[in-house]
Each structure stands twice: as structure tokens, then as C-alpha cells.
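The following exercises concern the sequence and model shown below. Please attempt each task before reading its solution.

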Amino acid sequence: MDNKILYVRLPCNPIFPIGVVYLADHVHKLFPDVQQRIFDLGAIPPLDYRSALDACVDEFKPTLLVFSWRDIQIYAPVGGRGGNPLQNAFEFYYAKNPLTKLRGALGGLRLAASYYTELWRNQGLIKRGLKRAQTYNPQASVVVGGGAVSVFYEQLGRSLPTGTIVSVGEGETLLEKLLRGQSLSDERCYIVGQTTPRDRMIHEKPTPLEKTACNYNYIESIWPEFEYYFQDQDFYIGVQTKRGCPHNCCYCVYTVIEGKQVRINPADEVVAEMKQLYDRGIRNFWFTDAQFIPARRFINDAVELLQKILDAGMDDIHWAAYIRADNLNPELCDLMVKTGMNYFEIGITSGSQELVRKMRMGYNLRVVLENCRDLKAAGFNDLVSVNYSFNVIDETFETIRQTLAYHRELEKIFGADKVEPAIFFIGLQPHTHLEEYAFEKDMLKPDYNPMSLMPWTARKLLWNPEPLGSFFGEVCLEAWQRNPYDFGREVMQILEERLGLAPLEEALSAPVETKKDNNKQLVSAS
Ligand code: B12
Ligand code: SF4
């Protein structure tokens, strides 16, 4: 039986499906005769999901279905697919006014309904696609992977058809072995009904792989709706420049999904890939790396890449990325500006060096400020999103005052209108240090379900523990009331009105703990 692979990106907000594009490209380079097709449900209206999938399967008659599931978790302070999840949850948990509480409860119900509907719908689409493919090829099989599967691989397998291969992390070598008929026992995967996930499987290292430029002429030929993402100039098309992150931030799972070892995609290959998109009219790129500059030793790689982008004549592009701003130098800052970086996110989480250390983030906040000054001096005049997650561990009024002082300093550097405080509350994720911490502190039982959106579990997973939990709840509710359109800035304003600012120097110094440290476990291993 000749292999025919259908890649189905499951419904998702319109984010370019770079994962399936890379998988199809990799398979084509090794097996040029294998027929492939990309089908993106992110570009299909919800009412048509089933019929569009049916039509695609009927036409292509795949032997292997590769389902890519990008995201599930929705705790962000932004309008998610079922409303503003953070606002609903906070109204329900913290509002004193019964009407607001009721609104939160109803919003939460709506949200939970849309969350579970999405879960069931996606699982239904996988089953449906497989069943239909089997009417043409009884041996047809299915593999599932992608960001959401990587995080929730243990839970998702329970409701997928027997024989489904559930994959964690990158899928290139898994597909390669599958097509060669080789054993998958070394891959980060398991087969529903046949094998169970190995203990700590997600912590195993991904198989090394040297990435080459994606061949977009080929991708265009197997993806009839390729043009979809090219019509709107607002889309940032994904390009990966490296994989892996060496850090240990306590709430983060990227470092296990992608592994700790940073693997650089050769700059020439990245530029060759971008050039193909550029020649098709694309001017906005998102470097999809967990971190664009994961550590100082990767500064030279970033410099090389940006210089090569300029040398290739792509001097009218814009790009964005997650940036660890502690790893910049003036040369890199200059190139970032010259190559058109017009947005970046720094996830410092807190402006208190003491907490940054406790959360194992490895940031030096003083260095971040110095580098931001260099970036401004190099001419950066665009948007910076600074991600803060309050109340992760050991937050006090004092550390909040420090974060406020730090934030105001960033505003002095870039301009208050250019620094956007993105206020997150951590959505607790499995396989993180924070999860272990929650077990140790008896805040969660090891058999909890990380995918549950039931109020009693969700309240713990949306990390905002007491004693400060209610305080933050109240502040956020006030911010939504005062200015729902500028939530982050409003939260900072209210906090400053209530608590005032610490001296900046206090924020930047982290005294070595002498007294009993109730967060010993988290700190000592970093
Ligand atoms: C870059 C990124 C973003 C960028 C995307 C920019 C862009 N234009 O592409 C931005 C900042 C916009 C973003 C936003 C969000 N993101 Co995001 N993002 C990432 C990140 C860091 C990388 C994703 C990526 O593109 N990687 C590169 C490509 C090549 O890899 P990939 O798509 O994962 O595909 C590989 C593998 O997954 C695998 N694979 C994929 N499909 C399949 C299928 C099969 C069968 C197999 C075998 C393998 C396989 O092989 C591929 C190639 O190696 C990941 C974390 C991570 N390190 O993976 C989170 C991640 C995907 N995001 C996540 C989330 C939740 C979101 C948001 C929904 C957050 C929010 N609540 O608002 C939003 C979505 C916003 C929206 N509009 O809907 C989650 C999803 C899982 C979850 N928790 O639900 C992740 C995993 C982070 C996390 N751990 O929480 N994100
Ligand atoms: S630096 Fe970013 S990607 Fe790396 S572990 Fe920390 S939060 Fe995760």
C-alpha cells in the first residue's frame, strides 16, 4: 500500500500552522514519492469542520492521518474563544457584588461549555477522520501531536481510538520511523490501547535533527488553501530559528517539550526559508523559538542570522519573538532595530529580583534594564509586552512594590505608551517545578486532572493562592471596571495607588536568604 499522508491541523485561531508545514517538508525531503496533503481546520468556519474534513478525506483517501493539535489552555487576560477567561474566573471567585459573581458564574459556565465542546469536538474529528479514511484503506492509521498534545499527552490518550499514536514534542523522526516501518520505542510516544506513556517521558531528550530551509514550492503544491495566511497583512508567519531552552523557570514546560539543549537551525537555511516567503509578499515574521536568544552564548548566532537577513536584501520586514532581554549587547540591539523587530515579549514575570531568583528564572533584572537602554539607544521605538505573573511564590506587598518600581523604570526607558504590562496568572501546567511545589505543599493531589475546568480544580490551576489571592482578585476586578480596554496598565495603576513604589535599588537586589526559606526546594535546585 502506497503511503498517503494527510496532515490535519485541528481548529485553532488563525495562526500559521508551521508545525505541520515542517513535518510535511521533512517527510518530502526523505520520501519524495510519498503523497501528502495539508488541510487546515484553522481556516474553515466552525459549522463546516465535519463536512470539510469528510470532503478532504474522500478526495485524498489517506493511509496515514497526522492530526496536529495546537492549544487547549485558555487562561489568558485576553478575549479567548469563549470570552475573557480570566475575568470570568475572577468575577466568580472574588466578586463581592452578587450580580457580578453571577455574571462570572454564567461566563465561567459558557467558557467551560466552550472548552469541553472544543475538546470533544476535536476528539470527534480525529475519530471521524480515521473512520472515514478506513472506508477507503482499512489499514489507515492515525498519529496525534502538537503543542496541546505535548502538554496533555497523558490525559488525551484516554479518549482517542485504540491504535492512535500519541506523540510528545517534535514529530519529524517519529514520522520518519513510521514510514520506514521501524520501531517507535525510542520516540517520545505511546500507542493507545497497546503501550502506556513511560514515566517522565516528556523529560526525555528529543532526537537531534539538523533543520534545513522549508521548501515552500512543495508546500504550496500540497496545500490548496496555502494563500489563506498571505491575504491579511496582519499575520505573522512562523519561522523557527532554533529549538530548545536551557532554563528552568518554575512554571514553564517549553524547556521539557523542546528539551534543554539548544539546537540552532543554520542561519543560511533560516534566511533561505524566509526569502521564499518574502518573495511571496510576506513581510511579517514570528520567530517561533521558545526563546530567540536563550542565553548569552547564543548572541553570536542571533547576530549572524540578523546580519544575513539584511545581506539577503530583506530590509523592509517586521519581526517579533519571545526575547530574554538579559542576553543582548549593543551590536545585537542595533541589528534588531535595523532588521525591523517591531514587537517583543519579555517574560520577566516579576520585577523583584528576589522572586525572579525564587522562580528559578535565571534573569538578572539590572542587566535587563541596561540592555533595554541599549535597545532604545539603537532606535527601538515600538511595542514591548512585559509579561508579569503575580503571586507565583512568596509574593508580598513589598515585592509588588518592587515590581511596580521596575515597571515604571521600563516605562521611563521606552515611553509609557510603548510598554504594555501583560498581566497573567500562571495556568499551572503538568511536568513543571511549580506542579511539584504544589504537590509538596499539599495544594494539589498527584492524581488531579490538569485538563479539568471544574471550578474546584480550575481555582487551583489558575494559580493565585491565598493569602494574596483575594487581594489580586479584587484589584483585577476594579481594573476591569475602571478600564477594561487597558487592563494591564490599570492593574499597575491601582496597585501603585494602594501600595506605592519601592526604591528601584530594592527591586534589583536579591538578598541571600538567611532565615528559613519556605521555598527551599524550588530555590536550592536552581
Ligand atoms: C511561538 C508560540 C506562540 C506565538 C505564535 C506566533 C506565530 N505566529 O506562530 C504566540 C505568541 C502568538 C502564541 C500564542 C498563543 N499560544 Co503559544 N506557543 C508558542 C511556542 C513557544 C512555539 C510554537 C511553535 O510554533 N513552535 C515551532 C513549530 C515548528 O513547532 P510546533 O507547531 O509545536 O510543531 C512541532 C511539534 O509540536 C510536532 N507536531 C506538531 N503537530 C504534530 C502532529 C503529529 C502527529 C506529530 C507526531 C507531531 C506534531 O512536530 C512539529 C515540528 O517539530 C509554544 C511552546 C513550545 N515551545 O512549543 C507555545 C504554545 C503552542 N502556545 C500555547 C498557547 C496556550 C497559546 C495561547 C492560546 C495562549 C493564550 N492563552 O492566549 C496563544 C494563542 C493565541 C491565539 N491567537 O489564539 C501552548 C499550547 C498548549 C496549551 N497549554 O494549551 C504552548 C504549547 C505553550 C504552553 N506550554 O502552554 N504562541
Ligand atoms: S526562558 Fe522562557 S522558555 Fe525558557 S524555561 Fe524560562 S519561561 Fe520557559
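The exercises treat confidence, the sheet, buried elements, the cores and salt bridges, in that order.

**Conventions**

This is a predicted model, in which local features need a pLDDT of at least 70 and side-chain atom pairs count only at pLDDT 80 or more, while totals for chains, interfaces and linings use all residues. Residues are numbered from 1 along each chain as its sequence is written, chains are lettered from A and ligands numbered from 1 in the order in which they are written, and side-chain values use heavy atoms, with hydrogens and water left out.

**Exercise 1. Confidence**

Determine which stretches have a pLDDT under 50, starting from the chain average.

*Solution.* Step 1: pLDDT is the predictor's confidence in each residue, from 0 to 100. The chain averages 91, and 95% of the residues score at least 70.

Step 2: Residues 77-82 stay under 50, and the model gives them 16 contacts (heavy atoms within 4.5 Å) beyond four places in sequence. The pLDDT is also below 50 over residues 515-521, a stretch with eleven contacts beyond near neighbours in sequence.

Step 3: Where pLDDT is low, predicted coordinates should not be read in detail.

**Exercise 2. The sheet**

Establish the order of the strands in the open sheet and identify the helices that pack on the sheet.

*Solution.* Step 1: Helices (H or I, at least four residues) and strands (E, at least two) are DSSP runs, numbered from the N terminus. Two strands pair if DSSP finds at least two bridges between them.

Step 2: The open sheet has six strands in the order 2-1-3-4-5-6, with mixed pairing. Strand 2 (35-40) and strand 6 (189-191) are the edge strands, each pairing on one side only. From one strand to the next, the twist averages 20°.

Step 3: Strand 3 (residues 64-68) and strand 4 (residues 141-145) run parallel and are joined by five bridges; Leu64 has Ser141 of strand 4 as its bridge partner.

Step 4: Helix 1 (residues 18-30) packs on the sheet and touches strand 1 (4-9), strand 2 and strand 3; its direction makes about 175° with that of strand 2. Helix 4 (residues 98-136) also packs on the sheet, touching strand 3 and strand 4, and its direction makes about 165° with that of strand 3. Axes here are lines fitted to C-alpha atoms, for helices over the stretch in contact, and angles run from 0 to 180 degrees between N-to-C directions.

Step 5: Strand 1 and strand 2 pair in the parallel sense over six bridges, and Leu6 has Arg37 of strand 2 as its bridge partner.

**Exercise 3. Buried elements**

State how many residues of helix 3 and of strand 2 are buried.

*Solution.* Step 1: Buried means under 20% relative accessible area, exposed over 50%, and partly exposed in between (1.4 Å probe, protein chains only).

Step 2: In helix 3 (residues 85-94), eight of the ten residues are buried, including Phe90, Tyr93 and Tyr94. The buried residues of this helix pack against helix 4, strand 14 (419-424), helix 18 (455-461), helix 19 (469-482) and helix 20 (487-499).

Step 3: In strand 2, five of the six residues are buried.

**Exercise 4. Nonpolar cores**

Which residues have the most contacts inside the largest nonpolar core?

*Solution.* Step 1: A nonpolar core is a set of buried Ala, Val, Leu, Ile, Met, Phe, Trp, Tyr and Cys residues joined through side-chain atoms within 4.5 Å.

Step 2: The largest such core has 128 residues, and Ile219 and Trp319 have the most contacts inside it. Among the residues that Ile219 touches are Val21, Ile38 and Phe226.

Step 3: A second, separate core of 45 residues includes Val57, Leu125, Met201 and Leu453.

**Exercise 5. Salt bridges**

Describe the setting of the salt bridges Glu176–Arg180, Lys308–Glu304 and Asp326–Arg324.

*Solution.* Step 1: A salt bridge is a side-chain nitrogen of Lys or Arg within 4 Å of a carboxyl oxygen of Asp or Glu. The structure holds 40 of them.

Step 2: Glu176 and Arg180 meet at 3.4 Å, N to O. They are four residues apart in helix 7 (residues 172-180), which means a separation of about one helical turn. Glu176 is buried at 18% relative accessible area, whereas Arg180 is partly exposed at 43%.

Step 3: Lys308 and Glu304 meet at 2.9 Å, N to O, and are likewise four residues apart, in helix 12 (residues 299-311). Lys308 is partly exposed at 25%, as is Glu304 at 36%.

Step 4: Asp326 and Arg324 meet at 2.9 Å, N to O, and both are buried.
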